[in-house]
Amino acid sequence: MRIILLGPPGAGKGTHAGTISQLKNVPHVASGDLFRKHQQDQTELGVLAASFMSKGELVPDEVTISMVEQRLGEPDCGQGIILDGFPRTTEQAKALDIMLKEKDLRINHVIQLEVNEEEIVERLSGRFSCTDCGMGYHEKFSAPANKGICDKCKSTNFTRRSDDSPKTLRNRLSAYKEQTALILPYYSTKGCLKSIDGMAEMDIVFDEIKKMIDGD
């Protein structure tokens, strides 16, 4: 079983990929995690990627593709994989097809989580967490019972992610749309692309995904 999950920031890709990974016993491979691991380990690819990122430039496709190719070659990927954050471009999608074809494999499902952008901005920009214990909150949906006091550890110290500002989120959503505008038709012509309402309740979204993949 080989699945690609597509969706913008806040669509729930990581959450659903993690659940599917446990259910089907196949690895969840997120491109962001690969970048971090290569940079932490100071691999040749990690150093190369960092040289572009430090200048605010996009990491070239060939670097990202090489990282994914290495990961796909590891033993735990033999029975399947869930890709999250890759491919992002048509060149990456074509390279992935070549990697799999060499192993006589293919992508079974490409699942797009469709979302409402303004609701995503509201969902993510309202997030904050306790600095001391990590308990997560939301201004509108799950605020502390007592304003300014953590329910879990009673701390009064809270923090927000710097990339959760509305302006930054809209920029990330725009970048995602530009990237996926070309790969959606690529997979649609192959007949493996399906879309799900990513704004539904998490359990409902997961049930829809499970129905799609249970035949594998």
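Which helices and strands each supply at least two residues of the lining of the largest pocket? In this predicted model, the elements that do so are β1 (2-6), α1 (13-24), β2 (28-30), α2, α4 (61-72), α6 (117-125) and α7 (166-188).

## Pockets

The volume of the largest pocket is about 1,600 Å³. Its lining consists of 46 residues, and those nearest the centre of the pocket are Pro-9, Lys-13, Ser-31, Arg-88 and Arg-172. Sorted by class, the lining of the largest pocket holds 17 nonpolar, 16 polar and 13 charged residues.

The second largest pocket has a volume of about 230 Å³. It is lined by 13 residues, with Leu-34, Lys-37, His-38, Arg-71 and Glu-74 closest to its centre. At least two lining residues of this second largest pocket come from each of β2, α2 and α4. Helix α2 gives the most, with four residues. The class composition of the lining of the second largest pocket is four nonpolar, four polar and five charged residues.

Helix α2 and helix α4 each supply at least two residues to the lining of the largest pocket, and each of them does so for the second largest pocket as well. The same holds for strand β2, which is listed for the largest pocket and for the second largest pocket.

## Helix packing around α2

How is α2 placed against its helical partners? A pair of packed helices is described by the angle between their axes and the distance between the axes. The table gives these values for two pairs.

| Helix pair | Angle between axes | Distance between axes |
|---|---|---|
| α2 and α3 | about 110° | 7 Å |
| α2 and α4 | about 90° | 10 Å |

Helix α2 spans residues 31-40 and helix α3 spans residues 44-53. Angles of 65 to 115 degrees count as roughly perpendicular, and α2 is therefore roughly perpendicular to α3. On the α2 side, this contact is made by Phe-35, His-38 and Gln-39, while α3 contributes Leu-45, Gly-46, Ala-49, Ala-50 and Met-53. The residues of the contact of α2 with α3 are five nonpolar, three polar and no charged.

Helices α2 and α4 are likewise roughly perpendicular to each other. Here Leu-34, Phe-35 and His-38 of α2 meet Thr-64, Met-67, Val-68, Gln-70 and Arg-71 of α4. This contact of α2 with α4 has four nonpolar, three polar and one charged residues.

Phe-35 and His-38 take part in the contact with α3 and also in the contact with α4. His-38 is in addition among the residues closest to the centre of the second largest pocket, as are Leu-34 and Arg-71, and Leu-34 and Arg-71 belong to the contact of α2 with α4.

## The parallel sheet

Five strands, in the order β2-β3-β1-β4-β8, form an open sheet with parallel pairing. Its edge strands, β2 and β8 (193-197), each pair on one side only. On average, neighbouring strands of this sheet are turned by 25° against each other, direction ignored.

Strands β1 and β3 (residues 81-84) run parallel and are joined by four bridges. Ile-3 has Ile-82 of β3 as its bridge partner. Helix α7 packs on this sheet and touches β1, β4 (109-114) and β8. The direction of α7 makes about 145° with that of β1. Both α7 and β1 are also among the elements that each supply at least two residues to the lining of the largest pocket.

## The antiparallel sheet

Another open sheet has three strands in the order β6-β5-β7, and here the pairing is antiparallel. Its edge strands are β6 (136-138) and β7 (158-159), each of which pairs on one side only.

Strand β5 (residues 127-130) is joined to β6 by three bridges, and the two run antiparallel. Opposite Ser-129 stands Gly-136 in β6, and opposite Arg-127 stands His-138 in β6. The hairpin of β5 and β6 has five residues between the strands, and Gly-134 in this hairpin takes a positive phi near 85°.

Strands β5 and β7 are paired in the antiparallel sense over two bridges. Cys-130 has Phe-158 of β7 as its bridge partner.

Terms used. Residues numbered from 1 in each chain as written. Predicted model: local features only at pLDDT ≥ 70, side-chain atom pairs only at ≥ 80, totals over all residues. Heavy atoms only, no water. Axes fitted to C-alpha atoms, helices over the stretch in contact; angles between N-to-C directions. Parallel < 35°, antiparallel > 145°, perpendicular 65-115°, else oblique. Contact = heavy atoms within 4.5 Å. Nonpolar A, V, L, I, M, F, W, Y, C, P; charged D, E, K, R; others polar. 1 Å grid on protein atoms, 1.4 Å probe; cavity = no way out; pocket = protein on both sides within 12 Å on 5 of 7 lines; lining within 4 Å. Points joined across faces, edges and corners; volume = space filled by probe spheres on them. Pairing = 2+ DSSP bridges.
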